[in-house]
Amino acid sequence: MLAPFQENAIVRSQQLSPVTVGHVGIAEVRRLISTLEQLGRERHRPAIGERNGLLVMVLFDAALRVSEGLGLRPQDILRNESGWALQVMGKGHRPRQAAASPSLVARLLAYTNQHALAPRDRLFQLTKGRAWAIIDEGLRTAGIPVPPGVGSVHMLRHSGALWRLALTGNPKA
């Protein structure tokens with residue numbers, strides 16, 4: 001016989017679809033990046049638009065949590081036996097490596113050089129709240145709806161993992 005809390009957990013899990021994960025496709029992510037860059041140009045702050053677009057690229061491409069993306073420093077861009085990776089401080093303050101595409105790494109290194117960042121400087125001098133506000137504004141402006149059941153910023157992590165899974169068969173590749 002099951003305890004009442006176990007029965008409730010079973011009922012809740014049956015109500016949730018295990019196949020549905022809130023995400024958007026690559027076309028929407030590209031539109032979001034383009035929108036953020038355009039907003040920067042319209043406000044006569046193209047460097048801010050570039051930074052905001054790069055943040056979206058990082059969260060999507062490496063399937064990072066917002067805190068992991070905001071903590072990135074130039075010294076965290078690593079070359080390993082599998083290719084490129086980003087060293088991040090994960091959940092529970094545990095270090096981990098997230099795979100990164102060569103195109104993302106090229107953009108990050110160019111951004112680092114362009115802004116003369118030291119190895120220990122953070123790439124994104126933003127708070128979590130500001131990152132959420134930036135991405136929310138970009139999604140609204142681009143007309144991209146946020147899927148139910150997931151936050152707008154975390155949706156980029158889901159979307160990136162699903163995109164990587166579709167390409168490689170491995171969401172961590």
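This section describes the fold, the nonpolar core, the aromatic pairs and selected residues of a predicted model.

The chain contains 7 helices and 3 strands. Read along the sequence, these elements follow the order α-α-α-α-β-β-β-α-α-α. Of the 173 residues in the chain, 39% are classed as buried. When contacts between residues at least 6 apart in sequence are considered, 61% of them join residues at least 24 apart. The exposed area of the chain is about 10100 Å², of which 57% is supplied by carbon and sulfur atoms.

In soluble globular proteins, nonpolar side chains tend to be buried together. In the present model, the largest nonpolar core comprises 40 residues, and Leu-64 and Leu-86 have the most contacts inside it. Two or more residues are given to this core by each of H2, H3, helix H4 (66-70), strand E2 (83-89), strand E3 (95-100), H5, H6 and H7. The greatest contribution comes from H3, with 7 residues. The surroundings of Leu-86 were examined with its neighbours within four places in sequence left aside. On this basis, Leu-86 is in contact with Val-58, Ala-62, Leu-64, Leu-72, Asp-76, Ile-77, Arg-96, Gln-97, Ala-98, Ala-100, Leu-104 and Leu-108. Leu-64, named above for its contacts inside the core, is thus also among the residues that Leu-86 touches.

A pair of aromatic rings is described by the distance of the centres and the angle of the planes. A search of the whole structure returned 2 aromatic pairs. In one of them, the ring centres of Phe-60 and Trp-163 are 5.2 Å apart and the planes stand at 40°, so the arrangement is classed as tilted. This pair links distant parts of the chain, with Phe-60 in helix H3 (residues 46-61) and Trp-163 in helix H7 (residues 152-168), 103 residues apart. Phe-60 is buried, with a relative accessible area of 5%, whereas Trp-163 is partly exposed at 29%. The aromatic pair formed by Tyr-111 and Phe-124 is stacked, with 6.4 Å from centre to centre and 25° between the planes. Here too, distant parts of the chain are linked: Tyr-111 belongs to helix H5 (residues 102-114), and Phe-124 to the loop between H5 and helix H6 (128-142), with 13 residues separating the two. Tyr-111 is buried, with a relative accessible area of 7%. Phe-124 is likewise buried, with a value of 0%.

At the surface, Val-21, Leu-162 and Leu-165 make a nonpolar patch of about 190 Å². Leu-165 is located in helix H7. Its relative accessibility is 37%; because this value lies between the limits of 20% and 50%, Leu-165 counts as partly exposed.

Two residues of helix H2 were considered individually. Thr-35 is found in this helix, which spans residues 26-42. Thr-35 has a relative accessible area of 14% and is therefore buried, the limit being under 20%. With residues up to four places away in sequence not counted, Thr-35 touches Gly-138, Thr-141 and Ala-142. Glu-37 also lies in helix H2. The relative accessible area of Glu-37 is 19%, so this residue too falls under the 20% limit and is classed as buried. Not counting residues up to four places away in sequence, the contacts of Glu-37 are with Gly-49, Glu-50, Gly-53, Met-57 and Arg-107. The C-alpha atoms of Glu-37 and Ile-48 are 7.8 Å apart in space, the two residues being 11 apart in sequence.

Backbone geometry was noted at two alanine residues. Ala-63 has a phi near 50°, a positive value in a residue other than glycine. Ala-63 is placed in the loop between H3 and H4 and counts as buried, at 10% relative accessibility. Ala-116 likewise shows a positive phi of about 50° although it is not a glycine. Ala-116 is found in the loop between H5 and H6. At 66% relative accessibility, Ala-116 counts as exposed, whereas Ala-63 is buried.

Methods
Residues numbered from 1 in each chain as written. Predicted model: local features only at pLDDT ≥ 70, side-chain atom pairs only at ≥ 80, totals over all residues. Heavy atoms only, no water. Helix = DSSP H or I, 4+ residues; strand = E, 2+ residues; numbered from the N terminus. Buried < 20%, exposed > 50% of the residue type's maximum accessible area, 1.4 Å probe, protein only. Contact = heavy atoms within 4.5 Å. Areas by Shrake-Rupley, 256 points an atom, 1.4 Å probe, with all protein chains shown as cover. Phe/Tyr/Trp six-rings, centres within 6.5 Å; stacked < 30°, edge-to-face > 60°. Patch = residues over 30% accessible without salt bridge, like charges linked within 9 Å, V, L, I, M, F, W, Y side chains within 5 Å. Salt bridge = Lys/Arg side-chain N within 4 Å of Asp/Glu carboxyl O. Core = buried A, V, L, I, M, F, W, Y, C linked by side-chain atoms within 4.5 Å.
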